[in-house]
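Me: I am in my first year and would like a close look at one part of this protein, namely its charged side chains and the way they pair. Please take me through it slowly, and then show me a few of the surroundings as well.

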Amino acid sequence: MRIAGSTVLLTGATGGLGQAIARALAERGASLTLTGRREAVLEPLAQELGARALAVDLCRREALDSLVEEVGEVDILIANAALPGSGRLSTFTIEQVDRVLEVNLRAPIALAHALLPAMTQRGHGQLVFISSIAGKVATAGTSVYNATKFGMRGFATALRAELHGSGVGVSTIFPGFISDAGMYADTNVALPPGVGTRTPEDVARGVIAAIEHDRGEVDVAPLSLRASTVFAPLAPDVAARLTRMMGGDRVAEHMGEAQMAKRD
């Protein structure tokens with residue numbers, strides 16, 4: 001998929017990952033429509049990049065419908081918006097669970113459903129879903145977040161197979177822990193020894209590569225985390241025990257506490 005001259009809809013543009021992705025796309029000549037809830041961040045970013053800004057709360061289905069009507073023709077969708085989902089299930093209200101499911105999983109599916117017919121009719125397009133290593137490896141203390149990111153991977157993988165030969169590609173990006181900006185960086189939680197990080201710019205490069213080369217999946221994580229995505233599905237109980245020994249449960253618990261205020 002050629003980025004220069006393409007129309008791009010990027011959700012979650014006000015977060016650290018979203019800003020890095022937006023700048024990378026703008027550098028390659030994309031025509032951007034940026035969405036986010038924080039207008040104070042969204043408007044300056046749009047002005048900087050010569051983009052269109054649409055303030056949207058993806059938890060509100062009527063707002064999502066209005067976005068689809070207003071955005072017009074889209075060549076590339078990048079579904080990046082997400083709410084934190086760390087914390088044990090017992091610490092969530094059911095309303096908070098619904099909100100995470102709505103933003104992290106239903107909204108990307110609904111956007112793909114709305115934009116896909118025009119893409120297939122034109123015979124070109126790209127759907128890019130920003131998931132997480134948590135979409136491949138489940139850990140204690142992230143059950144709600146795991147549910148949304150595993151669901152996104154399943155949806156994207158099946159949709160890619162459905163669209164084979166249509167000219168429309170589907171890609172999923174799996175970031176690990178990201179430094180400098182994003183959900184993990186905002187918590188200031190220390191990682192276990194040997195667990196490294198990547199940067200928002202690394203994620204942006206992964207998105208660019210996925211679009212330009214129609215890659216089905218792109219992991220943006222150190223070798224140790226990428227290796228866990230292979231090992232954990234084969235031996236989940238052993239992987240869970242190793243995670244506990246390394247302090248992974250503590251990290252998830254602390255991240256859940258730090259992110260609790262952002263669930264709403």
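Reply: What follows goes through the salt bridges, and then turns to a pocket and to three single residues.

Please keep in mind from the start that this is a predicted model. As a general point, side chains of opposite charge can pair when their charged atoms come close. In this structure there are 14 salt bridges, and a few of them are worth following one by one.

Let us begin with Lys-136, which sits in the loop between strand 5 (125-130) and helix 5 (143-162). Together with Arg-153, Glu-217 and Asp-219, Lys-136 belongs to a network of linked salt bridges. Its side chain makes a polar contact of 3.1 Å with the side chain of Glu-217, and another polar contact, this one of 2.9 Å, joins the side chains of Lys-136 and Asp-219. Is Lys-136 buried or exposed? Because its relative accessible area is 10%, and buried means under 20%, Lys-136 counts as buried. The surroundings of Lys-136 fit into one list: if residues up to four places away in sequence are not counted, Lys-136 touches Phe-150, Arg-153, Phe-174, Glu-217, Asp-219, Thr-229 and Pro-233. Its partners in the network, Arg-153, Glu-217 and Asp-219, are thus found in that list, beside residues such as Phe-150 and Phe-174.

A second pairing is that of Asp-57 with Arg-99, a salt bridge in which the closest N and O atoms are 3.3 Å apart. Asp-57 lies in the loop between strand 3 (52-55) and helix 3 (61-71), while Arg-99 lies in helix 4 (residues 94-122), so this pair ties together parts that are 42 residues apart in sequence. Arg-99, with a relative accessibility of 13%, counts as buried.

Another salt bridge brings together the side chains of Glu-73 and Arg-122, with a distance of 3.8 Å from N to O. Here Glu-73 belongs to the loop between helix 3 and strand 4 (76-79) and Arg-122 to helix 4, so the pair ties together parts that are 49 residues apart in sequence. Arg-122 is partly exposed, its relative accessible area being 29%.

In the salt bridge between Glu-62 and Arg-60, the closest N and O atoms are 3.3 Å apart. Glu-62 has a relative accessible area of 44% and is partly exposed, and Arg-60, with 41%, is partly exposed too.

Charged residues also appear in the lining of the second largest pocket, which has a volume of about 150 Å³. By class, this lining has four nonpolar, two polar and five charged residues, and among the residues that line the pocket are Arg-23, Glu-27, Arg-28, Glu-201 and Arg-205. Which helices each supply at least two residues of this lining? They are helix 1 (16-27) and helix 7 (200-213), and the largest share, six residues, comes from helix 1.

Helix 1 also holds Ala-22, a residue that counts as buried, with a relative accessibility of 0%. Not counting residues up to four places away in sequence, Ala-22 touches Leu-10, Leu-32, Leu-34, Leu-45 and Leu-49. For one of these, Leu-32, which is ten residues from Ala-22 along the chain, the C-alpha atoms of the two residues are separated by 7.7 Å.

Helix 4, already met through Arg-99 and Arg-122, contains Asn-104 as well. Asn-104 counts as buried, at 0% relative accessibility, and its side chain reaches the backbone nitrogen of Leu-83 at 2.7 Å. Leaving aside neighbours within four places in sequence, Asn-104 is in contact with Ala-82, Leu-83, Tyr-145, Thr-148 and Met-152.

A last residue to look at is Asp-214, in the loop between helix 7 and strand 7 (217-220). Most residues other than glycine have a negative phi. Asp-214, although it is not a glycine, has a positive phi of about 50°. With a relative accessibility of 32%, Asp-214 counts as partly exposed.

Technical notes:
Residues numbered from 1 in each chain as written. Predicted model: local features only at pLDDT ≥ 70, side-chain atom pairs only at ≥ 80, totals over all residues. Heavy atoms only, no water. Salt bridge = Lys/Arg side-chain N within 4 Å of Asp/Glu carboxyl O. Helix = DSSP H or I, 4+ residues; strand = E, 2+ residues; numbered from the N terminus. Buried < 20%, exposed > 50% of the residue type's maximum accessible area, 1.4 Å probe, protein only. 1 Å grid on protein atoms, 1.4 Å probe; cavity = no way out; pocket = protein on both sides within 12 Å on 5 of 7 lines; lining within 4 Å. Points joined across faces, edges and corners; volume = space filled by probe spheres on them. Nonpolar A, V, L, I, M, F, W, Y, C, P; charged D, E, K, R; others polar. Polar contact = N/O pair within 3.5 Å; in protein donor to acceptor, adjacent residues only side chain to side chain. Contact = heavy atoms within 4.5 Å.
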